[in-house]
Amino acid sequence: MDVLIIGSGGREYSIGLALRKDENVGKIYFAPGNGATDELGENLAISDFNALADFVEEHGVALTIVGPEAPLVEGIVDVFKARNLTIFGPTAKAAQLEGSKIFMKNFLARHGVPTAKYIETSSLQEAYDFINTLKTPIVVKADGLCGGKGVIIAQSHDEAKRAAGEMLSGNSFGEAGTSIVVEEFLDGYELSVFAICDGKDYVVLPAAQDHKRLLNNDQGPNTGGMGAYAPTPLVNDDIYAKLDERVIKPTLKGMQEEGMPFTGVLFIGVMVVNGDPIILEYNVRFGDPECEELMPLLKSPASELFYKAATGDLANAKIEFHDKYAVGVVMASKDYPYKSSEPAEIIIDDIYHEEISENAHISFAGVSRGEDGKLYATGGRVLVCVGIGDSIKEAQQRAYMLVGQVHFAGKQCRTDIAYQAL
């Protein structure tokens, strides 16, 4: 089958890489793709949803996979489904689980899914009153999509009130912050759990852990993610069982009852507190960089996982994963995450070491192809070096061996990805 992947980051490159190895897959298209996805397939300069649907119809593309959240929230799935085209991802209504933090928190409360104590409000006074009842730190979230940056963890009551005021005034995040969620801070350890859903059935992928802060030892500002590893030893069968019964099943049942069955990736941000999973947030797509580690662990054909989920047929899928570990290290540009950086040519050494060539690879993200045919670092997070191994240590070593082969001016990365597990 021919496949179209919507998006341009490392997540979409990784999905393309998994499909490239799949003998069931013919041609791969990316819309818009990045400077390196043209090595896996064909990039399309089409952004309009109806024009993309026209392309899919005209070229007989059997499956469309949506990577990022924005097109999902904007309704690309609805456009395709109205034309009987097979597309992997939730409808706009179902995508509110990520598109609106207020919708998500209220949904969790309605269906008894464990989450932090919270209020949703557009009133500054109400926010202040609730902040006064909480112990610090305090979490303040903008309601809408903010590219992963709409969450403030305030260390004092004054800082929380300041954050609430900045959001509600529209100064911080514009329209996305004119309603907010204020919630208690949960003290535990964080996990990323992904369930591939077809509306009623689901497959849980190995749990991952990502590293949000820029610098080693989780110092510095929050980023979109500086690396990740999977599976994490911090999850046991007991936590998986609790997630099944308390979180995933009631969520899928609730979405069906409310007339918006959930198809696609349910990304569950979990805080484990005293052995119990409490839900921080839902997203409706793969995390980035977690996707880069999960895709190579998939033993079954990637097309089967995505196609059967998109067509409501996961019950008949036998999805298996390699009994291995993956560690991904993000290499970012010089001024990330503060501002954009000057384009820099990427030079990758010839790799003669069999251990790296067979057990490590690069997923490209913020890269462009120059007129000279060379690759340039043009985005904040430029690429991810992924290592695979029989242990986390081995996977980590291989990822960092590959990091040493990649050069561009101003490159930066953490040197401690997966340290929690080690």
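This report covers aromatic contacts, salt bridges, a pocket and some backbone details of a predicted model.

**Aromatic contacts**

The structure holds 7 aromatic pairs. One of them joins F103 and F107. Their ring centres lie 6.3 Å apart and their planes meet at 20 degrees, so this pair is stacked. Both residues belong to helix α6, which spans residues 101–110. They are 4 residues apart there, which means a separation of about one helical turn. F103 and F107 are both buried.

A second pair has another geometry. F194 and F267 are tilted, with 4.5 Å from centre to centre and 40 degrees between the planes. This contact links distant parts of the chain. F194 sits in strand β10 (residues 189–198), and F267 sits in strand β16 (residues 263–273). The two are 73 residues apart. F194 has 0% relative accessibility and counts as buried. F267 is buried too, at a relative accessible area of 7%.

F194 and F267 also belong to one aromatic cluster, together with F88, F286 and F306.

One ring also meets a charge. The charged end of K161 sits over the ring of Y128, at 5.6 Å from the ring centre.

**Salt bridges**

The count comes to 26 salt bridges. Three of them are set out here.

| Salt bridge | Closest N to O |
|---|---|
| R285 and E69 | 3.3 Å |
| D218 and R414 | 3.0 Å |
| D276 and R246 | 3.1 Å |

Take R285 and E69, which form a salt bridge. R285 lies in the loop between β17 (276–283) and α10, while E69 lies in helix α3 (residues 69–73), so the bridge ties together parts that are 216 residues apart in sequence. Both R285 and E69 are buried.

D218 and R414 form another salt bridge. D218 is in the loop between β13 (213–215) and β14 (219–222). R414 is in the segment after β25 (406–407). The pair therefore ties together parts that are 196 residues apart in sequence. How exposed or buried are D218 and R414? D218 is partly exposed, at 27% relative accessibility. R414 is buried, with a relative accessible area of 1%.

The side chains of D276 and R246 also meet in a salt bridge. D276 is in strand β17, and R246 is in helix α9 (residues 237–257). They are 30 residues apart, and the pair links distant parts of the chain. D276 is partly exposed, with 28% relative accessibility. R246 is partly exposed as well, at 37%. The contacts of this region go beyond one pair: D238, K242, R246 and D276 are linked in a network of salt bridges.

**The second largest pocket**

The second largest pocket has a volume of about 330 Å³. It is lined by 18 residues. Closest to its centre are A18, K21, M295, P296 and L298. Which elements give two or more residues to the lining? They are α1 (10–20), α10 (290–297) and β21 (360–364). By class, the lining holds 8 nonpolar, 5 polar and 5 charged residues.

**Backbone details**

Most residues other than glycine have a negative phi, and most peptide bonds are trans. Four places in this model are worth a look on that score.

Two concern cis peptide bonds. One joins A230 and P231, with omega at about -10 degrees. P231 is placed in the loop between β15 (227–230) and α9. The other runs from Y336 to P337, with omega near 0 degrees. P337 is placed in the loop between β18 (325–332) and β19 (344–345).

Two concern phi. N84 has a positive phi, near 55 degrees, and is not a glycine. Its place is in the loop between α4 (76–82) and β5 (87–88). N84 is exposed, with a relative accessible area of 73%. N217 likewise has a positive phi, about 60 degrees, although it is not a glycine. N217 lies in the loop between β13 and β14, the loop that also holds D218. At 53% relative accessibility, N217 counts as exposed.

Notes. Residues are numbered from 1 along each chain as its sequence is written. This is a predicted model: local features need pLDDT of at least 70, side-chain atom pairs count only at pLDDT 80 or more; totals for chains, interfaces and linings use all residues. Side-chain values use heavy atoms; hydrogens and water are left out. Rings of Phe, Tyr and Trp (its six-membered ring) pair if their centres lie within 6.5 Å; planes under 30 degrees apart count as stacked, over 60 as edge-to-face and the rest as tilted. Buried means under 20% relative accessible area, exposed over 50%, partly exposed in between (1.4 Å probe, protein chains only). A charge sits over a ring if NZ of Lys or CZ of Arg is within 6 Å of the ring centre and within 35 degrees of the ring normal. On a 1 Å grid over the protein atoms alone, a cavity is a set of points where a 1.4 Å probe fits but cannot get out, and a pocket is an open set with protein on both sides within 12 Å along at least five of seven lines; lining residues have an atom within 4 Å of a point. Grid points are joined across faces, edges and corners, and a volume is the space filled by probe spheres set on the points. Ala, Val, Leu, Ile, Met, Phe, Trp, Tyr, Cys and Pro count as nonpolar, Asp, Glu, Lys and Arg as charged, and the others, Gly among them, as polar. A salt bridge is a side-chain nitrogen of Lys or Arg within 4 Å of a carboxyl oxygen of Asp or Glu.
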